[in-house]
Amino acid sequence: MKTILAVFSIVIVFTNCSNPRYAYSPTAHNVPILAKKGDSKAAVYYSNNGASGSSDGNGNQYNKNSAQGADLQGAYAITNNIAVQANYYLRSEKTNSTNGSYNFENSLIKYKRNLFEVGAGYFTTFDKNDHLLFQVYAGAGLGKTKIKETGTDYNQLPFNRYYNTNLTKFFLEPSITFRTSKEIFAATITTRASVIRFRKIQTNYTYDEKQDFDLDSLDRYGVVFFEPSFVGSFGFNKLPGLRVEVQAGLSVLFQESFIDYRPFNFSLGLVFDIRKLMKGQVEETSRSGH
């Protein structure tokens with residue numbers, strides 16, 4: 001039954017009859033490629049949550065719909081099997097709604113989101129050449145979401161609304177990585193269970209508006225998401241310690257109570273292992289000296 005509800009939740013995101021006010025958008029996955037003590041990761045990504053122009057079942061248009069930002073990630077292997085990680089997420093989003101289904105003729109909805117996470121986990125390799133890697137991380141984070149809405153109602157009168165909330169996140173993220181010799185290519189299948197708890201909500205939306213926008217009960221319970229992702233990265237023979245990484249993931253609401261959320265995340269970025277990068281530069285200098 002849970003699986004059926006999860007599948008239908010993605011469908012509902014695209015067919016929901018109310019005007020969407022997105023309470024959540026997913027972060028990039030932090031899946032470092034660590035094989036031994038001292039391996040590290042420092043990464044910066046451009047991220048996009050797949051927003052575009054759309055319409056709902058009532059014919060309402062949502063133009064200039066954008067959701068993009070950055071993810072900063074770090075990880076470090078403190079032993080041959082234990083690592084720590086930290087992540088910072090920033091999103092700036094915008095939805096321009098016309099012919100709204102409630103009582104707003106048109107509105108511009110802006111979102112600002114940030115989240116800081118820390119975690120720790122276990123990693124191990126399954127073969128002597130370290131080609132197959134399993135890892136699992138657990139952690140928590142604190143962040144904020146701010147929604148600001150301005151526009152005109154059906155009486156042609158200006159209005160403004162806001163919805164600000166703190167949030168707490170808990171996550172569990174297992175993954176399996178395959179990498180080729182010399183670490184030129186690596187592919188990871190990862191899943192993440194995220195529990196989001198909304199706190200300290202401040203808003204001037206009316207009670208009826210909050211009900212219509214699925215914002216009326218966010219602080220009553222934790223919201224659970226199932227978030228699978230594929231991550232691919234490419235390295236360079238002459239630049240060990242530098243990788244280009246791309247990832248694409250889904251976010252699926254895993255419960256009966258519905259909220260509006262962004263169901264996709266796409267990230268593209270650069271990943272650095274400082275020790276390997278410095279070691280490669282030293283070796284290159286040494287060869288040049290001879």
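## Rings, charges and empty space

Scan the whole structure for aromatic pairs and six turn up. Keep in mind that this is a predicted model. A pair of aromatic rings is described by the distance of the centres and the angle of the planes.

Let's start with Y22 and Y111. Their ring centres are 6.1 Å apart and the planes meet at 45 degrees, a tilted arrangement. In sequence, these two tyrosines are 89 residues apart: Y22 belongs to the loop between helix 1 (2-15) and strand 1 (40-48), while Y111 is in strand 5 (residues 104-125), and the pair links these distant parts of the chain. Buried or exposed, then, for Y22 and Y111? Both are buried.

Now hop over to F185 and F234. Here the centres are 5.2 Å apart and the planes again sit at 45 degrees, so this pair is tilted as well. Because F185 is part of strand 8 (residues 185-190) and F234 is part of strand 11 (residues 229-235), the contact ties together parts 49 residues apart in sequence. What about their accessibility? F185 comes out at 28% relative accessibility and counts as partly exposed. F234 has 42%, and it counts as partly exposed too. The reasoning is simple: both values fall between the 20% limit for buried and the 50% limit for exposed.

Rings also gather in a group: Y24, F225 and Y261 make up one aromatic cluster.

Next, look for charges over ring faces. Y22 shows up again here, with R262 lying over its face at 3.9 Å from the ring centre. R21 does something similar with F213: its charged end sits over that ring, 3.9 Å from the centre.

On to the empty space. Rolling a probe the size of a water molecule over the atoms shows where empty space is left. For this model, the search of the whole structure gives four cavities of 30 Å³ or more. The largest has a volume of about 70 Å³. Which residues line the largest cavity? Among them are A23, Y24, S25 and T27, along with Y89, R113, N114, L115 and K144. Y24 is worth a second look, as it is also a member of the aromatic cluster. Strand 5 gives the most to this lining, with three residues, and strand 6 (132-153) also supplies at least two. By class, the lining of the largest cavity has six nonpolar, four polar and two charged residues.

The second largest cavity holds about 50 Å³. T27 turns up in its lining, as it does in that of the largest cavity. Others lining the second largest cavity include H29, E117, K169, E173 and R192. Strand 4 (82-98) and strand 7 (158-179) are the elements giving two or more residues, and strand 7 has the largest share, with three. Sorted by class, the residues around the second largest cavity are two nonpolar, five polar and four charged.

Finally, the largest pocket. Its volume is about 610 Å³, and 35 residues line it. Where would you click to land at its centre? K182, E183, P240, G241 and K276 are the lining residues nearest that point. Strand 1, strand 11, strand 12 (242-250), strand 14 (264-272) and helix 3 (274-289) each give at least two residues to the pocket, and helix 3 takes the largest share, with five. The pocket lining divides into eleven nonpolar, ten polar and 14 charged residues.

Methods. Residues numbered from 1 in each chain as written. Predicted model: local features only at pLDDT ≥ 70, side-chain atom pairs only at ≥ 80, totals over all residues. Heavy atoms only, no water. Phe/Tyr/Trp six-rings, centres within 6.5 Å; stacked < 30°, edge-to-face > 60°. Helix = DSSP H or I, 4+ residues; strand = E, 2+ residues; numbered from the N terminus. Buried < 20%, exposed > 50% of the residue type's maximum accessible area, 1.4 Å probe, protein only. Lys NZ or Arg CZ within 6 Å of the ring centre and 35° of its normal. 1 Å grid on protein atoms, 1.4 Å probe; cavity = no way out; pocket = protein on both sides within 12 Å on 5 of 7 lines; lining within 4 Å. Points joined across faces, edges and corners; volume = space filled by probe spheres on them. Nonpolar A, V, L, I, M, F, W, Y, C, P; charged D, E, K, R; others polar.
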